[in-house]
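Here are some exercises to work through at your own pace. Try each task before you read its solution, and keep the structure open beside you.

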Amino acid sequence: MNGRVDMHVHTSASDGILSPTEIVDWAKKRGLKGVAITDHDTIDGIKEAIRASEQYDNFLVIPGIEFSTLYHGVEIHILGYFVDYENLELIDITNAIKNYRFKRAELIIDKLQKLNYDIHFSEVKGVVKEGAIGRPHIARILVQKGYMSSMQEAFEKLLKKGKAAYVERFKLTVDEAIHIIEKSKGIPVLAHPGLIDDGVDVEGIIRKGIKGIEVYHSKHSVFHNRLYFKLSKKYNLFITGGSDYHDEMIAGIPTIGKVFVTYDSIKEMK
Ligand code: AMP
Ligand code: ZN
Ligand code: FE
Ligand code: FE
């Protein structure tokens, strides 16, 4: 069975635009064998995705998470796969992070208001449904209101680190993320290493207890693919890959599955 599995997908439980049910339905329509739900710092989308998958024969939903961590001041994303999403420690920590994200969004809105943007926290809450609030939600509103021509522009002018409306987010350390993933019986995987800032000691991160590496990713070049494939062999790591789907559509069809690995290559992880 050599089906395709997209191992990196965001839903409306974090900053993706599609609900977990819509993700599963589209993934099935696009002919995938499965998807991993890897929302930022939350497991809230997993149950709904699993429920949605039950109407299909043999469609795999991998329960996952993507933690944002800090490593010597640099942001590093750590994926956790096959986590027990009923683990109490995992639930506690993700709830604490979610509460902080709420406060942070209020601080960002305060800054925007002081900069004379007519934007209110209630509007942000309106678009977040029940998920974790992030800067993309705020960026979308700035675009809708005509202040910015694209989300990219909103980040570049206001929301990214160093800009006037930036507020730091609470982040775990790499060690904490690995620890909580392992405590909840998951597999810690280094996300999109090709997007990590130059000069970071990637192998140092791997040696902290990383078990897999995201060799394939929408934003990786062929050079990255080769480099991280070699690194996976050096450290005997699982090889994963995924689209990091958030909201991209081509001719009305979401690009879920644009990057994938085969089911055979990951079934050992299970
Ligand atoms: P947050 O979780 O609020 O810090 O927002 C992080 C998310 O914002 C990332 O997952 C990306 O989806 C998005 N993002 C970060 N930087 C940019 C950027 N320069 N342009 C567009 N989107 C971005
Ligand atoms: Zn995201
Ligand atoms: Fe990421
Ligand atoms: Fe992601």
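**Exercise 1. Locate H192 and decide whether H192 is buried or exposed.**

Step 1. Start with the position along the chain: in this predicted model, H192 sits in the loop that runs between β6 and α8.

Step 2. Next, take the relative accessible area of H192, which is 9%. Buried means under 20%, so H192 counts as buried.

Step 3. Now look at the partners of its side chain. The side chain of H192 makes a polar contact with the side chain of E66 at 3.2 Å. Another polar contact, at 3.3 Å, joins the side chain of H192 to the side chain of H77.

**Exercise 2. Find the protein donors of the iron ion (ligand 3) and describe how they are spread along the sequence.**

Step 1. List the donors: E66 through OE, H77 through ND1 and H192 through NE2, at 2.0 to 2.2 Å from the iron ion (ligand 3).

Step 2. Write their spacing as a pattern, E-x10-H-x114-H.

Step 3. Place one pair on the fold. E66 belongs to strand β3, while H192 is in the loop between β6 (187-190) and α8 (202-206); with their positions 126 residues apart, the pair links distant parts of the chain. Both E66 and H192 are buried.

Step 4. Look for a neighbouring metal. The iron ion (ligand 4) is 3.4 Å from the iron ion (ligand 3), and E66 coordinates both.

**Exercise 3. Work out which residues coordinate the zinc ion (ligand 2).**

Step 1. Read off the donor atoms: D15 is listed twice with OD, and H40 and H246 each give NE2, at distances of 1.9 to 2.6 Å.

Step 2. Put the donor residues in sequence order, which gives D-x24-H-x205-H.

Step 3. Compare two of the positions. D15 is in the loop between β1 (4-9) and α1 (20-29), and H40 is in the loop between β2 (34-37) and α2 (46-53); they are 25 residues apart and link distant parts of the chain. D15 and H40 are both buried.

Step 4. Relate this site to the iron: the zinc ion (ligand 2) and the iron ion (ligand 4) are separated by 4.8 Å.

**Exercise 4. Identify what surrounds ligand 1 and pick out some of its polar partners.**

Step 1. Collect the surrounding residues, among them D15, H40, R135, Q152, F155 and H246. Notice that D15, H40 and H246 also coordinate the zinc ion (ligand 2).

Step 2. Check the oxygen atoms of ligand 1. One oxygen atom is 2.6 Å from a polar backbone atom of R135. An oxygen atom of ligand 1 also lies 3.4 Å from a side-chain N or O atom of D15.

Step 3. Turn to nitrogen: a nitrogen atom of ligand 1 is 2.9 Å from a polar side-chain atom of Q152.

**Exercise 5. Describe the largest pocket and its lining.**

Step 1. Begin with its volume, about 1500 Å³. Of the 45 lining residues, H77, R135, F155, K219 and H246 are the closest to its centre.

Step 2. Sort the lining by class: 12 residues are nonpolar, 14 are polar and 19 are charged.

Step 3. Trace the elements involved. β3 (60-71), β4 (74-81), α3 (88-114), α5 (135-144) and α6 (151-159) each contribute at least two lining residues.

Technical notes. Residues numbered from 1 in each chain as written. Chains lettered and ligands numbered in written order. Predicted model: local features only at pLDDT ≥ 70, side-chain atom pairs only at ≥ 80, totals over all residues. Heavy atoms only, no water. 1 Å grid on protein atoms, 1.4 Å probe; cavity = no way out; pocket = protein on both sides within 12 Å on 5 of 7 lines; lining within 4 Å. Points joined across faces, edges and corners; volume = space filled by probe spheres on them. Helix = DSSP H or I, 4+ residues; strand = E, 2+ residues; numbered from the N terminus. Nonpolar A, V, L, I, M, F, W, Y, C, P; charged D, E, K, R; others polar. Donors = N, O, S within 2.8 Å, 3.2 Å for Na, K, Ca; no water. Buried < 20%, exposed > 50% of the residue type's maximum accessible area, 1.4 Å probe, protein only. Near = heavy atom within 4 Å. Polar contact = N/O pair within 3.5 Å; in protein donor to acceptor, adjacent residues only side chain to side chain.
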